[in-house]
Structures are given as C-alpha cells and as structure tokens.
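User: Please take a close look at a single part of this model and describe how it sits among its surroundings.

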Amino acid sequence: WYLMYHTIFFRRRHGTRESMMGPSRAGRNVRGRPVDGGDLAQRFERWRNGERAWLITRWRSEFDAAIETRRGGTPDGAETPEARRERQLPKVLALIEQGEISRGLRLLHSSGVAALTPGVIEQLRRKHPPRRTPMPAVFGLPVGRIEVHLEETFRGLRAKRGTGPTGRRNEYLSALTARFEEPRAATVMEAYDGFAGAFLSSELPEWFYAVEAAARLVPLVKSPPSVPGGDPDVRPVAIGEVDVCAFTRAAYRDVTHSVLADYLAPQQVAVGISGGLSILVHGVRALLRMRRDFVVVRLDLRNAYNEIDRAVLLQRMAAVPELGPLARFFHTMHTAESALYLGDRRRLFAGVDDRSGDSASGVRQGSTESSSAFCVGIHPEMVTLDGALRDEGGGAWGDMDDIYAVGPAAHVFPAIEAF
C-alpha cells in the first residue's frame, strides 16, 4: 500500500488552477481526465471494505497508462534546439506564473534530457562500472541509533520536484505537517519520526532497503552531439524515493555544519560552508594576484561519483567516530547493487548476463548523501595534495570533484601526478 496509496487517493495534480483555487468535488486522473466525487468516494469505500485487489488492479492500469503517456511525449534525438525551446516555453511560463522564477530560468537554459537511444544507454552503462572491491557483509562497529525529527524537513520540501521509481512526490510528505483535529491523524509526524529512525538505524528487513535503494536514472545532457544526428554526452543523475531523500537529509543535517565541515576543512568547501564555491574562486584569484609566479591547475575527476571505490568510502566514513551511525546506514543502503530504472521502466543492465545489479560502485550522483560521502572518500588524498603545496605558499582546495591546485609550477605538477 505504501507504493500506491498516493495514486489511489490523491487525484488532483499539484499546481493546476483548480488546486490553487481550493478544494473541489472532482479530481483528475493520470491522463488529466476528471475523476468525479462518486468514483473517489467509491475508492475510499473499497479501502474500508478491504477490497485491496480491486484498488491495486486499478492503480496498475493507471500507472501503465501514465508511463505510456510519458513515453509518447518523449522527444526524439533529432529535435532541434529551437523546437526544444518552443516545447519548453509553456512550462517555463507556467513556472514563472507560479512564482518559481529561478526554476523556470534553469529549465530555459538547460540542455534537457537525452533520448534513450542505444548509444545513450550504452554510455550510461559505461558510467556505472562493476564493483572492484567487495563490501563487507556485516557492519561490525558498535554505533548509536539515529533519531530525527522530520516536521521541518517535510515543510521545507520543494514542490514539483523529480520523483523516484514509484512516482511519490514531495507534496505527499509536506501535506502531513498540517494540523489535524482527528486524534489518530494528529500522530502522523510522530509515527513518521519513529519509522525514519528505524530506517536510518538499519533496523528494517534487508528486502525493504533493496526496494528503497532503487532510483530513476535520468540522462541529463552535458554537451551536444559532436556530429549531426549523434548522441550527446550525458550525465547520469539518479532520483531516489522522496522518503529516503527526506530521511537522509534530516540525518545529515545535524552533522553537515559541525562534524563534516570541521573534518573536511580547509581542503573542501562543498560541505557545510555557505557560498563555498564563490569563496574558493575569489580566494584563488586573490592568491594569483599576490603571487605572479604561481600557476593554478583545475582538475575535474572523470565520472568521479560512480567510479570511486564504494568499500573505501565505507572504510573512511567509519574511521570518523562521529560519522559511525551514518557509516552503518551507508553500508545498509550500498552493500547490495541497487536497481536503476530508465524512463521506459527498463533496468539499466536488463539482459546483461554478468551484471546482477545496476549501481555497483561509488555513490549515485543525485542522492542526498553522495557529495558528503564522496568528499570523505577522497579527503586523505586532498590533504596530501594540499600539504605538498602549503610550504610554498600555495594549496589545494576542492568543490566536490572540482579541485584547484595552486603554487609554483615546479611543485604543482609533481603533486598532481602523485594525487
């Protein structure tokens, strides 16, 4: 029921004119056709009568219809930039009208999502390499339990964001923070806090984590095709379930600005430092003005999130005592090779005999914990690179996998080779 109740009871789309004008008797189904109040009441009545099979069958048919509609509306790879802008313009105007100005501008300037051609799928597969080092079967360190309070996290969730494989939306969680007069409904956030604590403390069955670790894989266009009609270079972004993202965000919130920021400083500005990238860029420019004999080399690690050794990430997170509970949760979510679903509902490595899972190494770019875990994973190497340049007045600083090494050329290039 956890996977389908939202499409049974929440019929009206968010952001429509009807929803902004307040409640109405009619909702809308996944194709936008009206679902009258009688049908909605019938669904609740069937739920109360225990007719779950009917509800699941109805949900399944509507889910399939929604997927077919989405597939039918996917532009092909031959779409011109002008045609794409024309197609996106109504969405941009709607976002601006709803006050989402920054999001509308990002959509306008975005290169979009690549079509799932055989070449793009092969590119996505190359960017998800097999596992090199086995993960330990058991997390052996004694660590404490994770407790979170989700109300503020749920309130702050942004509307109209991307969804994971099941289609659950942030709006369904934000709605739970309302004040309810019915006594049982009023306990929903307390119950969710308890559920999240059990989830984050690795107390639930293994199969549940395997389900919740699944994500929808979106191939964002990094650069256009080099030849007409070719495939663009894509960045694989994994969108997980909204519950997992909210739970993880709440768990990391308490350590990001204290433990992580202190541990990663001064080499990393990506975690726990407000405006860190601006500070880094302006600081490097100021240093170069002061030292005309310095050079700066910018490193961008190739496919960094997906190729870093997952077992090393776990080991280095567990080595920081304050991160022990988060390391246990990382182990629980990343020991199995989780599923990645493409837009047409196929698994990424469907039909590939030598792959039992899709995400086997590193961390999934787009997941809440990915940047923090990645920065902890490369921190010893960052400290070594920075230390090799400090005595000469330079240094090394990074914004996740974008790293700047500054100092005399005679020292910078050997230090980069060692890094």
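Analyst: In this predicted model, Gln-123 makes a useful starting point, since leaving aside residues up to four places away in sequence, Gln-123 touches Pro-232, Asp-233 and Val-234. Gln-123 belongs to helix H7, which spans residues 118-126, and its relative accessibility of 8% places Gln-123 among the buried residues, because buried here means under 20% relative accessible area.

Gln-123 shares this burial with other members of the helix, for the buried residues of H7 are Val-120, Ile-121, Gln-123 and Leu-124. Viewed down the axis of H7, these buried residues fall within an arc of 160°, and they therefore line one face of the helix. The face of H7 turned away from that buried side carries Pro-118 and Arg-126, both of them exposed. As for what lies over the buried residues of H7, the cover includes strand E3 (215-223) and strand E4 (233-240). Two of the residues that Gln-123 touches, Asp-233 and Val-234, fall within the range of strand E4, residues 233-240.

To summarise the picture around this residue, Gln-123 is a buried position at 8% relative accessibility, it is part of helix H7, and its contacts beyond the sequence neighbourhood include Pro-232, while the exposed residues Pro-118 and Arg-126 are carried on the face of H7 that is turned away from the buried side.

Terms used: Residues are numbered from 1 along each chain as its sequence is written. This is a predicted model: local features need pLDDT of at least 70, side-chain atom pairs count only at pLDDT 80 or more; totals for chains, interfaces and linings use all residues. Side-chain values use heavy atoms; hydrogens and water are left out. Helices (H or I, at least four residues) and strands (E, at least two) are DSSP runs, numbered from the N terminus. Buried means under 20% relative accessible area, exposed over 50%, partly exposed in between (1.4 Å probe, protein chains only). Contact means heavy atoms within 4.5 Å. The arc is that of the directions from the helix axis to the C-beta atoms.
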